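Reader: Could you walk me through one part of this model in some detail? I'd like to look closely at a sheet and what sits around it.

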Amino acid sequence: LDACLWLENWLRKYPGTLLFISHDRDFMDRVATHLVHFDQKQLVLYTGNYSAFERQRAERLAQQQASFERQQARIAEIQRFIDRFKAKATKARQAQSRVKALERMEKIAPAHVDSPFSFEFPVADKVSNPLLSIRHGVAGHGDVPILKNINVTLLPGTRVGLLGPNGAGKSTFMDALRGTGTLLSGERTCGEHLAIGYFAQHQLESLDLDASPFLHLQRLAPTASEQKVRDFLGGFDFHGDEALAPIRSFSGGEKARVALAVIAWQKPNLLLLDEPTNHLDLEMRQALTMALQNFEGAIVVVSHDRHLLRNTVDEFWLVCDGAVGEYEGDLEDYERWLAERRKDEESPPRREVAEGQEKSVNTAGAATLTADERKARKRQEAELRQKLSPWRKKQGTLETRMEQLQQKLATMEQNLADPGLYDDQQKVRLKELLAEQTELKRELEDVEAEWLEVSETVENLEAELAG
Ligand SMILES: Nc1ncnc2c1ncn2[C@@H]1O[C@H](COP(=O)(O)OP(=O)(O)OP(=O)(O)O)[C@@H](O)[C@H]1O
Ligand SMILES: [Mg+2]
């Protein structure tokens with residue numbers, strides 16, 4: 001990701017003409033001014049970046065009735081996810097960010113109705129809580145420790161994106177989670193029903209080149225019916241003879257699809273994905289993003305696809321300077337942090353020019369702020385922080401209240417499940433309970449509505465603060 005961002009910034013400044021191919025939508029959004037779409041043996045030119053292309057294409061498709069109907073079906077599907085997440089989520093803040101992401105997906109979905117891919121990770125048969133934890137872990141290679149004092153716990157529903165520069169130890173950490181050689185010391189505890197689905201950075205090397213996609217799955221479940229295996233592979237766009245051909249001659253993307261099919265087929269409840277998108281094209285990345293959204297187990301993913309990260313994880317962990325820790329910010333914060341770090345590395349600190357009137361320029365050519373500008377910005381930030389604080393407090397109070405109400409409602413539901421309550425002589429009691437339940441639901445709705453408003457204010461202030 002670090003290198004991607006660097007390249008992106010470099011290309012944005014590049015004064016010449018640039019023709020490029022990419023599967024990374026954020027990258028294209030920032031770098032492209034025009035898009036050529038290879039569609040059914042024709043080249044169609046669109047003006048604007050990738051998002052603009054998606055909008056125009058969605059409109060174009062909507063003019064054809066059949067596509068329009070498929071779009072509506074896909075939107076309904078996403079809406080169902082949204083409702084389910086809303087109903088299920090216990091932490092309102094997380095639910096909210098997911099809902100937002102899904103709403104974004106809803107806008108994107110229409111442009112991908114003719115995608116050849118559609119798959120999901122089947123629900124695992126059993127699950128443990130927690131799934132996995134490491135205490136006082138040290139991870140490394142041979143006797144060289146790379147990461148120290150690893151303390152992590154993965155629960156069902158934990159969704160983590162791992163950030164960190166090349167060589168920081170992300171893959172080493174993944175291996176430690178998997179329980180292979182890199183955990184040099186510490187305590188790793190697995191839930192009884194832990195089932196890991198692991199996609200290695202170099203996953204393709206682990207496939208059997210002489211076996212077909214069909215055979216890869218069949219080996220794992222010899223008793224599964226041929227039709228079932230074929231249907232499953234269909235979601236990964238392997239049809240007919242293709243499903244039966246040795247994968248030796250497959251492209252990188254096709255092999256990556258086989259690897260993902262193999263993982264999904266095994267019904268994992270913990271997915272460890274180390275750069276799963278490297279070979280995948282946009283449509284397949286989109287399908288993977290949708291499948292991950294719908295996945296109910298835990299996810300730890302390393303990816304430089306920002307769209308995928310934003311839409312599938314709830315938190316980030318940073319692997320850096322020999323440690324793994326929670327990262328408080330979002331991807332934009334991370335990008336700024338990287339830029340700062342790079343600046344420090346590239347240009348040794350210079351002495352301020354008198355009164356900071358002259359701008360210092362680093363080797364990448366970007367102007368930095370003068371001392372006065374910095375001071376003003378600091379002041380502004382302090383003011384914003386002061387404004388933010390009461391809102392955050394209010395948000396916290398509302399969250400606690402929401403949790404209390406949800407708890408009460410859950411207990412109420414348990415009480416209402418008592419069959420004895422529905423006897424004639426309990427009529428009055430039942431009526432009371434139902435009235436109480438209605439009242440609780442109403443209050444919860446009110447608190448949720450208020451929370452949404454407060455959260456929006458908090459977010460706006462935070463955005464201002466982030467500049
Ligand atoms: N098999 C190995 N034997 C010895 N050292 C290794 C081995 N694999 C990785 N390392 C070293 O461990 C450090 C962390 O590597 P790791 O592959 O975990 O980084 P990473 O964060 O996944 O990087 P990238 O973003 O490039 O995938 C690096 O300094 C690397 O050289
Ligand atoms: Mg790696």
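Author: Here's a walk through the sheet, one helix and one residue. Quick housekeeping: this is a predicted model, where local features need pLDDT of at least 70, side-chain atom pairs count only at pLDDT 80 or more, and totals for chains, interfaces and linings use all residues. Residues are numbered from 1 along each chain as its sequence is written, chains are lettered from A and ligands numbered from 1 in the order in which they are written, and side-chain values use heavy atoms, with hydrogens and water left out.

The sheet is open, with 3 antiparallel strands in the order β4-β3-β6 (strands are DSSP runs of E, at least two residues, and helices are runs of H or I, at least four, numbered from the N terminus; strands pair if DSSP finds at least two bridges between them). β4 (144-154) and β6 (183-190) are the edges, each with a single partner strand, so one side of each has no neighbour in the sheet. From one strand to the next, the twist averages 20° (axes are lines fitted to C-alpha atoms, for helices over the stretch in contact, with angles from 0 to 180 degrees between N-to-C directions).

Between β3 (residues 132-141) and β6 there are 6 bridges, and Ile 134 sits opposite Arg 188 in β6. Helix α6 (residues 170-178) packs on the sheet, touching β3, β4 and β6, with its direction at about 130° to that of β3; contact means heavy atoms within 4.5 Å.

Now zoom in on Ile 146, in strand β4. Its relative accessible area is 31%, so Ile 146 counts as partly exposed (buried is under 20%, exposed over 50%, partly exposed in between, using a 1.4 Å probe and protein chains only). Leaving out residues up to four places away in sequence, Ile 146 touches Ala 139, Gly 140, His 141, Ala 168, Gly 169, Thr 172 and Gly 322. Ile 146 and Gly 322 are 176 residues apart in sequence, yet 5.6 Å apart in space, C-alpha to C-alpha.
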